[in-house]
Amino acid sequence: MFRSVLGKTLGFVGYTVQYGCIAHCAFEYIGEFVVCSGPSMEPTIVNHDIVFSERMSRQLCKIQKGDIIIAKSPFDPNMNVCKRVIGLEGDKVCTSSPSDLFKAHTYVPKGHVWLEGDNLRNSSDSRSYGPIPYALIRGRVCLKLWPLHCFGSLSESPTRRIIKARSDSD
Amino acid sequence: MAQQAGRRYMRAFVSGFFVAVPVTVTALDRLAYVARVEGASMQPSLNPEGGSDCDVVLLNRWSVRNYEVQRGDVVSVMSPKNPQQKIIKRVIGLEGDFIRTLGYKNRFVRVPDGHFWLEGDHHGHSLDSNSFGPVSVGLLHGRASHIIWPPNRWQRIAASLPPNRGPLDDEEEEG
C-alpha cells in the first residue's frame with residue numbers, strides 16, 4: 001500500500017520535472033507569449049496586446065534593422081522593454097529630433113543596438129539612455145495574437161528613422 | 001525476433017532522448033554551468049600559470065536567478081562587445097557606488113541603477129569596465145563558485161575585494 005503510493009508520487013514528480021524541462025526549453029529556444037503594456041510602440045502595438053516573440057533569431061544572432069524586439073531593460077533586469085531596432089553595430093543613427101535645426105548623428109558601437117519606439121513622442125529609448133548591448137535582447141516579435149481583428153504579422157516602421165546604408169552591395 | 005528487439009530499442013532510445021536532452025539543457029541553463037577560463041585577465045586568482053593548462057570553473061546559475069551579487073564575487077557576464085562571448089571578472093562596485101577608475105574616460109564614476117562595475121584582477125591585461133564602462137546587470141550569466149580542474153587547484157572561489165579596489169566611502173557627505 002505504502003509502496004504503491006510512493007511509486008505513484010515518484011512517477012508524478014518525474015513527469016512534472018520532465019514536462020517542466022520541456023516547457024523551459026520551449027520558452028527559451030523557440031518562443032514565448034508576451035503581454036505588452038505602455039504607449040511607446042503605438043500604433044504598431046498598443047496597450048494590452050498579446051504578441052508572440054521567437055527566440056531563434058536572437059540565439060543565432062540574426063536580428064535585423066527594423067525588427068521589433070523584446071529586451072531586458074538596462075536599468076532594471078527584471079523589466080522588459082519592447083522597441084524597434086533602428087541601428088545595428090556600425091550603423092549611423094540620427095540622435096537629434098525632427099524639430100531640431102542641426103542634425104546630429106552617431107555610430108552604434110560594437111556589440112550594441114539602437115532602439116526606438118514607434119511612438120516617438122512618448123517613448124523612452126536609446127535617444128535618452130544610449131545604445132544597449134546586443135546580449136540584452138531576449139527575442140524578436142513576429143506575430144500579434146490579440147486583439148483578434150489585428151491578428152497577423154506586424155507592420156514596418158512608421159517613423160522613417162532607419163538610415164539605409166549607402167553602399168548596400170558589399 | 002531481431003526486428004522486434006530493434007524496434008523496442010529504438011522506442012526506448014527515443015523516449016530516453018526526449019527526457020535526457022530537455023533535463024540536461026534546463027539544468028545547464030538554471031542550475032550550474034561548467035566553463036574553461038581562457039586568458040590572463042584574472043591572474044593570479046584564475047589561470048595563474050597561463051599557457052596551456054587553463055582552469056575550469058563551476059558557474060552557479062541558481063544563485064543569480066534574481067540578479068543578486070555581492071562586491072568581490074567572481075561572475076561571468078555576456079560581453080557587451082560580443083554577444084556570443086562570456087567574460088569572467090570580479091564585481092568591484094554595485095549600483096550607486098562611486099568608483100575611482102583605472103584608465104576609463106572619467107576619473108570618477110557613479111555606477112548607474114541596474115549596472116555594476118567589473119574588473120579583472122590583472123589590471124592592464126583585462127578588458128573590463130575600465131574600457132567599456134559600467135555593465136548592465138541584465139547581462140549577468142553566473143557566479144563562479146569553485147575551481148574544479150586541474151585537481152591540484154580544487155578550491156572554493158572566495159568573494160573578496162582586491163586591496164584599494166572598492167567603492168569610495170563618501171565620508172564628507174555623512175555630516
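A pocket is an open set of grid points with protein on both sides within 12 Å along at least five of seven lines. The model analysed here is predicted. Its largest pocket has a volume of about 1,000 Å³. The lining comprises 30 residues. Closest to the centre are A:Glu28, A:Lys72, B:Asp29, B:Arg61 and B:Met78. In chain A, helix H1 (2-29), helix H2 (56-59), strand S4 (76-87) and strand S9 (137-146) each give two or more residues to this lining. In chain B, helix H1 (2-30) and strand S9 (140-149) do so. By class, the lining holds 14 nonpolar, six polar and ten charged residues.

The second largest pocket has a volume of about 490 Å³. It is lined by 22 residues. Nearest its centre lie A:His112, A:Pro131, B:His115, B:Phe132 and B:Pro134. At least two lining residues each come from S8 of chain A and from helix H2 (129-132) and strand S8 (135-136) of chain B. The lining of this second pocket divides into 14 nonpolar, six polar and two charged residues.

For chain A, an unreviewed UniProt entry places the feature "domain: Peptidase S26" at residues 16-95 and 102-146. Residues 16-95 are 22% helix and 39% strand, with end C-alpha atoms 50 Å apart. Residues 102-146 are 9% helix and 44% strand, and the end C-alpha atoms of this span lie 41 Å apart.

Mean pLDDT in chain A is 88, and 96% of the residues reach 70 or more. Confidence is lowest in strand S5 (residues 92-94), at a mean of 88. Confidence is highest in strand S8 (residues 132-133) of chain A, at 94.

Conventions. Residues numbered from 1 in each chain as written. Chains lettered and ligands numbered in written order. Predicted model: local features only at pLDDT ≥ 70, side-chain atom pairs only at ≥ 80, totals over all residues. Heavy atoms only, no water. UniProt positions renumbered as here; feature names shortened; annotations may be inferred. Helix = DSSP H or I, 4+ residues; strand = E, 2+ residues; numbered from the N terminus. pLDDT = per-residue confidence, 0-100. 1 Å grid on protein atoms, 1.4 Å probe; cavity = no way out; pocket = protein on both sides within 12 Å on 5 of 7 lines; lining within 4 Å. Points joined across faces, edges and corners; volume = space filled by probe spheres on them. Nonpolar A, V, L, I, M, F, W, Y, C, P; charged D, E, K, R; others polar.
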